[in-house]
Amino acid sequence: MPLLSRRSALTAGLALGGTAVLGPGMARLAQAAELEDRYYIFCYFNGGWDLLLSLDPRDPAEFRDDLKKSTLIDTGFSALGSEYGGLVSSSVPGMVFGPCVGGLVDHADKLTVVRGMSMDTLTHEVGRRRFLTGRPPAGLQAKGSNASTVLASVLGQGQPIPQLSIRVESYNDRFEGFASAIRVNSVQDLVRALRPSSDDFSAAEERALQALLDQAADCPSIEDSRIRDAAMDYQSGSKELVSLGLDAAFDFTSAQSAELRDLYSINVNDLGAAPAQAAAAATALTTGVARTVCFEAASGLDTHGPEWASAHPAALVKGFDVVASLIADLSTRQYKGTSETWLDRTTIVGFSEFGRSTLLNSSGGRDHFLHNACFLAGGGVKGGQVIGRSSDIGMAPTPTDLASGLPSESGEVVYPEHIFRALLQGAGVEEDLADYGVDPLMAIFE
Amino acid sequence: MIWLLLACNPGASIEQVATVEATPLAYGRDKKRMNIDQVAASIERVTGQSWQELDESGEQVQLFETLSGSLGKPDYLAATEEDLAPGLLFQKFLDDAARSTCIAASESSDVGDFLMLMEEPQDNLRALVLRFHGHDWPAEDARLDPWLNLYGLSETPERGWALVCVGLITHPDFYTY
């Protein structure tokens, strides 16, 4: 049961200054179509990731220092600390990663890696919003809705929080208000948001207070104002949400959460960190609280100077380790009494706003770059697969056949929208609900 | 407009010009929600209390600051514009803040300066509505009745005004303008 029902259509675009087009009828679509019972987790690596160190590496024996001027590629492996080796082989033949892929390599058999993507921007906000919405922003202003919003609008009507977003921006330009994210900065804030208010007043006093506010909601002066009308709707939604008593599930400081703390290496004094966010994502899905979750798997990746050699690899490994814990967790949780696991039903998408330059700059760091890659795992995703490729000169994006995933001159350069269109199709939605205007990258799926 | 038309057509009579229908006035802007700093300052202004609690180390923390990220306040790194939607989290935290500050105000020795300004309940309510919402309602105004009924539910005047205070803060007339 979504929490925003009374005036939900009105609330859809308030976060964008009230410029929303009202909902295109997701509810009817959801009822009419044969939809897959899919869940989604979007893991954001904040700052622009180094693909040579992770998802799209090159062999330093082949891409030698003395060839940099012609290949325009410097693997940079030799500048890293001794804890990082060279290329990392996985259990999947031919599926090789960079030295900072962390624990994610253990799940290579469940991964699709998409290489050779383009972002058409070197600006953080633009790249981030492009990868969140699948639409090029207008200047810095996001256009469209997060893919997680679109998916929540189609599949999230049964969840109290159809879309949860932890430290990640969220947009909703046209979909029903219930699909908009509840966005928090930390798991601690989420717990506080879900915790019932203080019980200083008697039940009779609470009822009277609520009755007075309900009565106020029907006052003409309230109804004449979009924001005040929406405010009353959100107010009742908020009370409904806290009445569900969901806070305990996200209290990772409790004794009941000991196993989860160990699995994700959660520091109870830092519940804003990625491990707690990932655990919250898994909890939100498996307890039926949310349909889609976005969280910040890594931060501090924007390393233009010498810190690139130390801070960037460490942040990457931490981020990939967190996602690896998430995959491990979901793959051991039984899905609703069936023989499937939660990972079978949950599609995980790992992304960053863009990659980093293929040559080190004069400060020993890497700058922003137009190319990108991403990874997907779980729910319907074909495991042990690499889609597309970047060129061997400067790692430029190259065209990919969208059906087979193989590099092809007659294919298309892959953008985030190709992936989101595929996610929608994978959920059973043929229509291009978000106006991506591209064909789906169906090679992602089995 | 009339003088302009007369100037354009000096032969026209006043009666003829007066038949021109007036153009309806355009609507003014919609209400806006206060930003978080404004909400925090307003609550402190009307109740004399700030929304705070002791953290694990025993230090007093201002909760509107602690929760500013979740409340959509810009950090000027990832966001430069404040999210002013009156969303679920805003409502929840506003409710928490209202309860905390109104109860504290009602138990404070300064209660006479903030929640109990007048002796007669109706006069006090009018004073509170003016203070919290900026409405100067006459004594016989029927809109006062539900608030007076709410006040009358509680066992003590302090508690009754605390309840009214929560209602006034969580009402959109408080945080929109």
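1. In this predicted model, helix α9 of chain A, residues 226–243, packs against helix α5 of chain B, residues 88–107. Their axes lie 8 Å apart, at an angle of about 75°. That angle makes α9(A) roughly perpendicular to α5(B), because angles from 65 to 115 degrees are placed in that class. On the side of α9(A), the contact is made by Ala231(A), Tyr234(A), Gln235(A), Gly237(A), Ser238(A), Lys239(A), Leu241(A) and Val242(A). On the side of α5(B), the residues are Leu88(B), Gln91(B), Lys92(B), Asp95(B) and Arg99(B). By class, this contact of α9(A) with α5(B) holds five nonpolar, four polar and four charged residues.

2. Helix α5(B) also meets α6(A): the axes of these two helices come within 9 Å and cross at roughly 70°. The helices α6(A) and α5(B) are therefore roughly perpendicular to each other. From α6(A), the contact takes Asp189(A), Arg192(A) and Ala193(A). From α5(B), it takes Leu89(B), Lys92(B), Phe93(B) and Asp96(B). The residues of the contact of α6(A) with α5(B) comprise three nonpolar, four charged and no polar. Lys92(B) thus appears in the contact with α9(A) and in the contact with α6(A).

3. A further helix pair lies within chain B. The axes of α8 (residues 145–152) and α9 (residues 157–170) of chain B come within 8 Å and cross at roughly 140°. How are α8(B) and α9(B) oriented to each other? They are oblique, because roughly antiparallel applies to angles over 145 degrees and roughly perpendicular to those from 65 to 115. The crossing in which α8(B) passes α9(B) is right-handed. Trp147(B), Leu150(B) and Tyr151(B) represent α8(B) in the contact. The partners from α9(B) are Pro157(B), Gly160(B), Trp161(B), Leu163(B), Val164(B), Gly167(B) and Leu168(B). This contact of α8(B) with α9(B) has eight nonpolar residues, two polar and no charged.

4. The second largest pocket has a volume of about 630 Å³. Its lining has 24 residues, and those closest to its centre are Gln188(A), Arg192(A), Leu271(A), Glu53(B) and Glu56(B). Elements giving two or more residues to this lining are α6 (187–194) of chain A, together with β1 (52–54) and α4 (63–66) of chain B. Which element gives the most to the lining of the second largest pocket? The answer is α6(A), with four residues. By class, the lining of this pocket divides into nine nonpolar, six polar and nine charged residues. The helix α6(A) therefore deserves attention on two counts, as its Arg192(A) is among the residues closest to the pocket centre and also takes part in the contact with α5(B).

5. The count of cavities of 30 Å³ or more comes to one. The largest cavity has a volume of about 40 Å³. Which residues line the largest cavity? They are Phe42(A), Phe131(A), Leu132(A), Asn146(A), Ala147(A), Ser148(A), Cys294(A), Phe351(A) and Phe420(A). Helices α4 (124–133) and α5 (147–155) of chain A each supply at least two residues of this lining. The lining of the largest cavity consists of seven nonpolar and two polar residues, with no charged residues.

Technical notes
Residues are numbered from 1 along each chain as its sequence is written. Chains are lettered from A and ligands numbered from 1 in the order in which they are written. This is a predicted model: local features need pLDDT of at least 70, side-chain atom pairs count only at pLDDT 80 or more; totals for chains, interfaces and linings use all residues. Side-chain values use heavy atoms; hydrogens and water are left out. On a 1 Å grid over the protein atoms alone, a cavity is a set of points where a 1.4 Å probe fits but cannot get out, and a pocket is an open set with protein on both sides within 12 Å along at least five of seven lines; lining residues have an atom within 4 Å of a point. Grid points are joined across faces, edges and corners, and a volume is the space filled by probe spheres set on the points. Ala, Val, Leu, Ile, Met, Phe, Trp, Tyr, Cys and Pro count as nonpolar, Asp, Glu, Lys and Arg as charged, and the others, Gly among them, as polar. Axes are lines fitted to C-alpha atoms, for helices over the stretch in contact, and angles run from 0 to 180 degrees between N-to-C directions. Angles under 35 degrees count as roughly parallel, over 145 as roughly antiparallel, 65 to 115 as roughly perpendicular and the rest as oblique. A crossing is left-handed if the near helix is turned anticlockwise from the far one by less than a right angle, and right-handed if clockwise. Contact means heavy atoms within 4.5 Å.
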